[in-house]
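Work through the exercises below with the sequence and the model open side by side. Each task is followed by a solution in steps.

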Amino acid sequence: MLKPIHGLVVVAVAGLSLFMPASAKNAFRLQMIEQYKLQAVPNLTTCQFCHQSASGGRNFNAFGANVNQYLRANGGNIGVALLEALKANTDSDKDGYADVLEVFAKTAPGNASSKPKQTVAALQASLKKSGGVIQFKAK
Ligand SMILES: [Ca+2]
C-alpha cells in the first residue's frame with residue numbers, strides 16, 4: 001500500500017519542479033488564468049501573457065508592463081492589478097483592440113499578432129451584454 005502512495009508523491013514533486021524554476025511569480029500566472037477565465041486556452045496560459053520570455057523574468061511585454069504598474073500602485077495585490085489594467089481600457093499592444101476586449105475574446109493583449117476576429121463594436125456589445133469588465137474581478 002505504501003509504494004503507490006510514495007509513487008504519487010514522487011510524481012507530484014517532479015511536477016512542481018517543472019513549474020517552480022520557470023517563474024518565482026507562478027502564483028500570479030495562476031491568478032491571471034483564473035481571473036481572466038483562460039483555463040480552456042492553453043496557448044494563453046504561459047508567462048508570455050505578460051512577459052517577453054516564456055520563462056518569465058524582468059522583461060514584460062506591453063500588457064505586462066501595464067499590469068506591473070497597477071501592481072505597484074496597489075500594494076502588490078495581483079487580483080486588483082489584473083482588474084485595474086482592464087478597466088483602464090488601454091490597447092497595450094496597439095493592435096486596435098483594448099486589453100479588456102482581447103481578454104474577453106481570448107487573444108493576447110500583449111502581442112499585436114494575436115487579435116480578435118470580431119469587430120471592436122461587436123466585441124464591445126458582447127462584453128457589455130455579458131456583464132462588462134467586472135466579470136474579470138478577482139473572486
Ligand atoms: Ca490589443
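The exercises go from the confidence of this predicted model to its layout, its core and single residues.

**Exercise 1. Confidence**

Find the average pLDDT of the chain, and find the stretch where pLDDT is below 50.

Solution. Step 1: the average pLDDT over the chain is 88, and 83% of the residues score at least 70. Step 2: the stretch below 50 covers residues 8-22, which has 4 contacts in the model beyond near neighbours in sequence. Step 3: where pLDDT is low, predicted coordinates should not be read in detail.

**Exercise 2. Layout**

State how many helices and strands the chain has and in what order they come.

Solution. Step 1: there are 6 helices and 2 strands. Step 2: starting at the N terminus, the order is α-α-β-β-α-α-α-α. Step 3: of the 139 residues, 27% count as buried. Step 4: take the contacts between residues at least 6 apart in sequence; 38% of these join residues at least 24 apart.

**Exercise 3. The strand pair**

Decide whether strand 1 and strand 2 run parallel or antiparallel, and describe how they are joined.

Solution. Step 1: strand 1 spans residues 51-53 and strand 2 spans residues 56-60. Step 2: the two run antiparallel, with 2 bridges between them. Step 3: the connection from strand 1 to strand 2 is a hairpin through 2 residues. Step 4: for a position to check on screen, H51 is opposite F60 of strand 2.

**Exercise 4. The buried face of helix 2**

List the buried residues of helix 2 and explain why they line one face.

Solution. Step 1: helix 2 covers residues 26-35, and its buried residues are F28, R29 and M32. Step 2: viewed down the axis of helix 2, these buried residues fall within an arc of 100 degrees, so they line one face of the helix. Step 3: the element they pack against is helix 4, residues 78-87. Step 4: helix 2 is followed by K37, which has a positive phi near 55 degrees.

**Exercise 5. Helix 4 and the core**

Identify the buried residues of helix 4, then find which helix gives the most to the largest nonpolar core.

Solution. Step 1: in helix 4 the buried residues are I78, A81, L82, L83, A85 and L86. Step 2: they pack against helix 2, helix 3 (62-73) and helix 5 (99-105). Step 3: the largest nonpolar core has 25 residues, and those with the most contacts inside it are V67, A81, L82, L86, V100, V103 and F136. Step 4: at least two residues of this core come from each of helix 2, helix 3, helix 4 and helix 5. Step 5: helix 4 gives the most, with 6 residues. Step 6: as background, nonpolar side chains tend to be buried together in soluble globular proteins. Step 7: to follow one residue outward, take L82; leaving aside residues up to four places away in sequence, L82 touches Q31, M32, Q35, Y36, V67, F136 and A138.

**Exercise 6. Positive phi between helix 4 and helix 5**

For N89 and K94, give phi and say whether each residue is buried or exposed.

Solution. Step 1: N89 is in the loop between helix 4 and helix 5, and K94 is in that loop too. Step 2: phi is near 60 degrees in N89 and about 55 degrees in K94. Step 3: neither value follows the usual pattern, in which most residues other than glycine have a negative phi. Step 4: an exposed residue has 12 or fewer other C-beta atoms within 10 Å. Step 5: N89 has 11 and is therefore exposed; K94 has 9 and is therefore exposed.

**Exercise 7. Two residues toward the C terminus**

Place S126 and K117, and classify each by its C-beta neighbours.Solution. Step 1: S126 belongs to helix 6, residues 120-129. Step 2: S126 has 13 C-beta neighbours inside 10 Å, so it counts as partly exposed. Step 3: K117 lies in the loop between helix 5 and helix 6. Step 4: K117 has 8 C-beta neighbours inside 10 Å, so it counts as exposed. Step 5: check two C-alpha distances. S126 and L101 are 25 residues apart in sequence and 9.5 Å apart in space. K117 and A105 are 12 residues apart along the chain and separated by 8.5 Å.

Terms used. Residues numbered from 1 in each chain as written. Predicted model: local features only at pLDDT ≥ 70, side-chain atom pairs only at ≥ 80, totals over all residues. Helix = DSSP H or I, 4+ residues; strand = E, 2+ residues; numbered from the N terminus. Buried ≥ 20, exposed ≤ 12 C-beta atoms within 10 Å, placed from the backbone. Contact = placed C-beta atoms within 7 Å. Arc of directions from axis to C-beta. Core = buried A, V, L, I, M, F, W, Y, C linked by C-beta atoms within 7 Å. pLDDT = per-residue confidence, 0-100. Pairing = 2+ DSSP bridges.
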